[in-house]
Amino acid sequence: MREGEKAGRRVVEEHWYRRMFASSPVAQALSDADGLFVDVNAAYCELVGLTSSELIGRSATVHTHPDDLPLHGSVEDLMAAGTAAEESVKVEVRFVRPNDEIRWVLLTLVPFTGPSDAEWTLAAALDITERKEVEDGILLASRTDQLTGALNRRGWSDYAVSVVDEHSVDTVVAVLDLDHFKQFNDHFGHAAGDALLRDFASTARECIGVDGLIARWGGEEFVITLRNCDRRGALRSLEALAAATTPSGVTFSAGYTLQRPNEGLRDTLDRADALMFQAKRAGRNRMITDAPHNTAQHRRRFADTATLLAASAHGLSF
């Protein structure tokens with residue numbers, strides 16, 4: 001083929017490439033070796049809410065969610081790994097539009113040869129926001145008690161344990177059991193019992209505040225986790241809950257304890273559970289804690305142990 005024909009074919013091929021790229025319903029962007037946009041199509045501009053003139057010469061950081069910037073910074077390494085494996089790179093990332101709307105996007109990144117054999121990257125972006133919302137809804141449902149809206153056991157294990165680990169300080173776990181709930185159900189019916197559980201969970205959320213987590217552990221048993229809290233603060237929250245629920249005739253037995261240094265939260269929960277059963281055996285309608293752990297820090301914090309335990313083992317009349 002003569003040189004003129006080859007050049008003509010390249011012009012035609014580039015023309016068709018430009019038309020396909022520009023008119024593609026798939027959002028696409030072409031970046032140079034420095035990660036700067038050299039071309040974007042209309043679908044990409046619509047997805048991110050920016051014009052081509054606002055994008056060309058800039059990187060994807062201009063519309064990437066701040067929490068996903070570390071992922072953006074690792075694209076070069078991901079591309080190298082993908083090239084070595086002869087595979088495209090797929091990542092899920094959040095784009096932020098100028099109106100602060102967040103869109104979840106599945107990015108497919110493939111190497112592209114630019115001028116002078118420069119290593120460019122072609123990105124195809126698929127909006128997966130609706131899919132992520134469905135997935136998040138399913139995940140939330142799997143972690144939430146349907147009746148009360150509190151966390152369930154799985155939710156507590158997934159969430160509470162993830163935000164409170166053995167390096168945490170000032171975390172209290174309380175186990176609460178509603179007193180004589182079976183008799184209440186038998187006398188007033190299961191619908192009334194369900195309403196009672198919903199109201200109790202709602203009231204508990206108000207009493208424990210933003211640093212508190214509530215989970216329905218099963219039946220009429222609840223677990224409350226209080227972060228940035230000591231025993232005195234936990235006692236105040238539990239007393240507020242008791243005062244808020246007593247007018248309706250609801251009482252509960254509770255055991256609560258402070259997480260110890262280098263202790264997993266589940267071990268703290270087991271100790272609180274044992275204390276709750278002590279409260280039950282002691283006559284119900286009371287709150288019991290254990291003696292502070294024997295460390296210098298805890299001895300300073302809870303010097304007046306006898307007074308604290310006396311206040312904790314109180315009861316409220318029906």
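Select α10 (231-245) and see that this helix lies across β6, β8, β9 and β10, running at about 165 degrees to β9; axes here are lines fitted to C-alpha atoms, for helices over the stretch in contact, with angles from 0 to 180 degrees between N-to-C directions, and contact means heavy atoms within 4.5 Å. The model is a predicted one, in which local features need pLDDT of at least 70 and side-chain atom pairs count only at pLDDT 80 or more, while totals for chains, interfaces and linings use all residues. Residues are numbered from 1 along each chain as its sequence is written, and side-chain values use heavy atoms, with hydrogens and water left out.

Helices (H or I, at least four residues) and strands (E, at least two) are DSSP runs, numbered from the N terminus. Next select α9 (190-208), which lies across β6, β7, β8 and β9 and runs at about 155 degrees to β7.

Now colour the sheet itself, an open one whose 5 strands follow the order β7-β8-β6-β9-β10 with mixed pairing, where two strands pair if DSSP finds at least two bridges between them. Its edge strands, each pairing on one side only, are β7 (212-218) and β10, and the twist from one strand to the next averages 20 degrees. Within the sheet, β6 and β8 pair in the antiparallel sense over 7 bridges, and aspartate 177 has glutamate 221, in β8, as its bridge partner.

Then show the side chains of the largest nonpolar core, a set of buried (under 20% relative accessible area, 1.4 Å probe, protein chains only) Ala, Val, Leu, Ile, Met, Phe, Trp, Tyr and Cys residues joined through side-chain atoms within 4.5 Å. Of its 28 residues, Leu176, Ile224 and Phe252 touch the most other members, and α9 gives the largest share, 6 residues. Centre on isoleucine 224, whose contacts, leaving aside neighbours within four places in sequence, include Val172, Leu176, Ala204, Ile208 and Leu241. A second, separate core of 22 residues includes Ala29, Val40, Phe95 and Ala125.

Move to β1 (residues 27-31) and β2 (residues 37-40), which pair in the antiparallel sense over 3 bridges. Leucine 30 has aspartate 39, in β2, as its bridge partner, and in this hairpin, with 5 residues between the strands, glycine 35 takes a positive phi near 80 degrees.

Finish in the loop between β9 and α11 (265-281), at asparagine 262, which has a positive phi of about 60 degrees although it is not a glycine. Asparagine 262 counts as exposed at 68% relative accessibility, the cut-off for exposed being over 50%.
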